[in-house]
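Let's chat through the salt bridges in this one. Have a look first, then we'll go pair by pair.

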Amino acid sequence: MTEGHRKNKKQELLLAGVQELNDHGIVDFSVRRVAEACGLSPAAPYKHYANKNEFIAAIISYNYSIWYTKLHDILEANPGDYRRQITEMLVTYTCFLVENPHFRSALMIKDDALDRSHQGLRSKLSKLPNEAAEKYREWANMPMNVFVRKKFVLRSLMYGAALMFENGELAYNSDSLEMLRAMVDREFDLP
């Protein structure tokens with residue numbers, strides 16, 4: 001088997017794994033179903049990943065790389081405008097959570113074996129947004145207690161909106177996303 005063929009199979013497994021995670025979540029994740037979706041034997045994924053946890057960690061890492069690319073696009077599109085960067089990151093992350101519903105649960109699950117497999121990914125996901133928020137705090141000369149409160153409110157808006165979109169309480173469309181964007185932006189003007 002050529003190296004290119006092997007990489008293609010690994011990529012195919014990874015993409016099928018993303019779909020499996022979206023369809024079944026982390027608790028009901030099945031390596032066997034992923035292999036079947038790729039037309040491979042149940043043992044084939046283990047040629048690329050030592051175990052189920054390593055495979056799930058690779059899927060989380062893959063999703064992280066997609067998110068990281070989106071973050072860099074936002075930073076490049078809004079250089080030095082920390083308020084806009086934070087607003088766009090938050091709206092984009094809300095969309096990412098809605099479009100990858102089990103990614104949030106995969107990030108928040110507490111499982112020691114899985115944690116060892118993807119140690120540090122959780123902190124990496126929030127590194128760039130936290131840096132932008134800190135730059136905004138310094139630029140605005142914002143007291144730490146206000147910063148902590150605003151960060152709590154903004155994260156609550158993001159996770160709340162994602163949940164409302166997912167369960168149908170709020171239509172997932174451009175009007176709702178614009179409303180979220182306006183609410184996030186308004187938080188910057190509040191004391």
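A salt bridge here is a side-chain nitrogen of Lys or Arg within 4 Å of a carboxyl oxygen of Asp or Glu. Heads up: this is a predicted model, where local features need pLDDT of at least 70, side-chain atom pairs count only at pLDDT 80 or more, and totals for chains, interfaces and linings use all residues. Residues are numbered from 1 along each chain as its sequence is written, and side-chain values use heavy atoms, with hydrogens and water left out.

Q: How many salt bridges does this rule give?
A: Side chains of opposite charge can pair when their charged atoms come close. Applying the cut-off, the count is eleven.

Q: How far apart are the closest N and O atoms of Lys 9 and Glu 12?
A: Both residues sit in helix α1 (residues 3–24), three residues apart, so about one helical turn separates them. Helices here are DSSP runs (H or I, at least four residues), numbered from the N terminus. Their salt bridge has its closest N and O atoms at 3.4 Å.

Q: Is Glu 20, the partner of Arg 33, buried or exposed?
A: The salt bridge between Arg 33 and Glu 20 has its closest N and O atoms 2.6 Å apart. It links helix α2 (residues 31–37), home of Arg 33, to Glu 20 in helix α1. Buried means under 20% relative accessible area, exposed over 50%, partly exposed in between (1.4 Å probe, protein chains only). At 6%, Glu 20 is buried.

Q: Which helix holds Asp 189, the partner of Arg 83?
A: Arg 83 and Asp 189 meet in a salt bridge at 3.0 Å, N to O. Arg 83 lies in helix α4 (residues 82–99), so the pair ties together parts 106 residues apart in sequence, with Asp 189 in helix α9 (residues 174–189).

Key. Helix = DSSP H or I, 4+ residues; strand = E, 2+ residues; numbered from the N terminus.
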